[in-house]
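Here's a walk through one model, going from a few strand pairings to the whole chain and then to a handful of single residues. Have the viewer open as you read.

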Amino acid sequence: MRLNVARTLPDSLAAMPATALAEELGGPTLFDLRKGDHAPLFVSVLLHGNEISGWDALRGLLDEFRQVSALLFLANLDAARAGVRALPDQVDFNRVWEGGDTAEAALAREVTARVAAANPYLAVDIHNNTGQNPPYSVVCRADRKTLGFAGAFARRVLLASQPGGFQTRRFTRFCTAVTVEVGTPDDPDSTARASGFLAKLLTSYPDPPADAWSAEKLALFETVARVTVGDATEIEPTMQRFNFRRAPAGAALTRSGPLRAQSADGTSVGSQYFRSHNGATVLTRPTILAMYTRDVESAQRDCLCYFLEPVERATERPGGRVGVAPTNLQ
């Protein structure tokens, strides 16, 4: 797997759906559009090949990106051609940014080195969800600048400590970094959300847009557990209605089959949240969900959902981390 580096954006890209990019570009491509000594904006799309809204937003703004200092990364184009998250023989492109000996990890190291050397003022990774979620941002550091950019996309912000290896977690070490989750790929509003956010960034350099939610008004959550399934697990797709809401005790997470839940340090915490009941897995306590997926393949390749807790207090903490007022779950 080889990284292509290009200095110009071909006009032909504006008309190309994600499925056509592999043939046009040949593989993962980093467009280096830096100008002078202006710190660039980094944007990545298609780390998961079937999450196309980021690319559809970006290709509608190519003329605008030609006018600014930017780095654009078009990632898993082979998976995009097939319309899947990742090809069967591939490692997940968004789980390789903190190491590994795979071809995907080697490419991630090269991209990371090039982007870090460019000293971007912001890195944005655009994703779709496979289940119904309200729009939200994901961050790994809760300083005011990071929350400012996150709040320019949505009021809900997820402070994520897992899983390991995702791009924003790695890029947070050298720049302000945000993931935006824009909705499902089949919803045209998802592209509109991504386009609107990018348009804001293009006119607010290098600070968060003026209309961003303030840190004190954000609904900030922390991940406390990652929930994974077994091969025989039958999921309960109606549970996606509880994404970013508190599901009641007794609600069935699955119709049958086992679940596992781990905290960020790898501790098994499932017994604190659910139990088996007549073959199903049911919650034993009210629990906020996020990213509960309706897609069985995504659940098996990645996870079923995350459990969240709201960040409760408005305080400045060491390192510039900011808490917010109690979250109102609507």
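Strand 11 (residues 246-247) is joined to strand 16 by 2 bridges, and the two run antiparallel. Within that pairing, Ala247 sits opposite Thr287 of strand 16. One thing to keep in mind as you look: this is a predicted model.

Strand 16 also has a second partner to look at, strand 17 (residues 305-310), with 3 bridges between them, again antiparallel. Here Ala290 has Tyr306 of strand 17 as its bridge partner. So what do the side chains of strand 16 do? In general, side chains of a regular strand alternate between the two faces of the sheet. Strand 16 (residues 287-290) shows Thr287 and Leu289 pointing one way, with Ile288 and Ala290 pointing the other. Are these four buried or exposed? All of them are buried.

There's also an open sheet of 4 strands, in the order 10-12-15-14, with antiparallel pairing. Strand 10 (234-235) and strand 14 (274-277) are its edges, each pairing on one side only. Strand 12 (residues 252-256) and strand 15 (residues 280-283) are linked by 2 bridges in the antiparallel sense, and Thr254 has Thr281 in strand 15 as its bridge partner.

For quick reference, here are the antiparallel pairs described above:

| Pair | Bridges | Bridge partners |
|---|---|---|
| Strand 11 and strand 16 | 2 bridges | Ala247 and Thr287 |
| Strand 16 and strand 17 | 3 bridges | Ala290 and Tyr306 |
| Strand 12 and strand 15 | 2 bridges | Thr254 and Thr281 |

Now zoom out. The protein chain has 9 helices and 17 strands. Its radius of gyration is 19 Å, close to the 20 Å from the globule rule for 330 residues, so the chain is as compact as a globular protein of that length. Along the principal axes, the C-alpha atoms fill a box of roughly 60 × 45 × 35 Å. Of the 330 residues, 53% are buried. If you take contacts between residues at least 6 apart in sequence, 75% of them join residues at least 24 apart.

On the outside, the chain exposes about 13400 Å², with carbon and sulfur atoms supplying 48% of that. As for charges, there are 35 positive and 36 negative ones, and their mean positions lie 6 Å apart.

Helix 6 (residues 144-151) is worth a click: it's mostly covered, with 6 of its 8 residues buried. Which residues are they? Thr146, Leu147, Gly148, Phe149, Ala150 and Gly151. What do they pack against? Their packing partners include strand 5 (122-127), strand 7 (156-159), helix 8 (188-204) and strand 9 (219-229).

Helix 8 is also where you'll find Ser190. At a relative accessible area of 0%, Ser190 falls under the 20% cut-off, so it counts as buried. Setting aside residues up to four places away in sequence, Ser190 touches Ser53, Asn128, Val182, Gly183 and Thr184.

Last stop is the start of the chain. Met1 lies in the segment before strand 1 (4-6). Although Met1 and Glu104 are 103 residues apart along the chain, their C-alpha atoms are separated by 7.3 Å. Glu104 is also among the contacts of Met1 beyond four places in sequence, along with Pro28, Gln90, Phe93, Ala103 and Leu107.

Methods. Residues are numbered from 1 along each chain as its sequence is written. This is a predicted model: local features need pLDDT of at least 70, side-chain atom pairs count only at pLDDT 80 or more; totals for chains, interfaces and linings use all residues. Side-chain values use heavy atoms; hydrogens and water are left out. Two strands pair if DSSP finds at least two bridges between them. The radius of gyration is taken over C-alpha atoms; the globule rule is 2.2 Å times the number of residues to the power 0.38. Buried means under 20% relative accessible area, exposed over 50%, partly exposed in between (1.4 Å probe, protein chains only). Contact means heavy atoms within 4.5 Å. Accessible areas come from the Shrake-Rupley method with a 1.4 Å probe; for residues, only the protein chains shown count as cover. Lys and Arg count as positive and Asp and Glu as negative; His and the chain ends are not counted. The place of a charge is taken as NZ of Lys, CZ of Arg, CG of Asp or CD of Glu.
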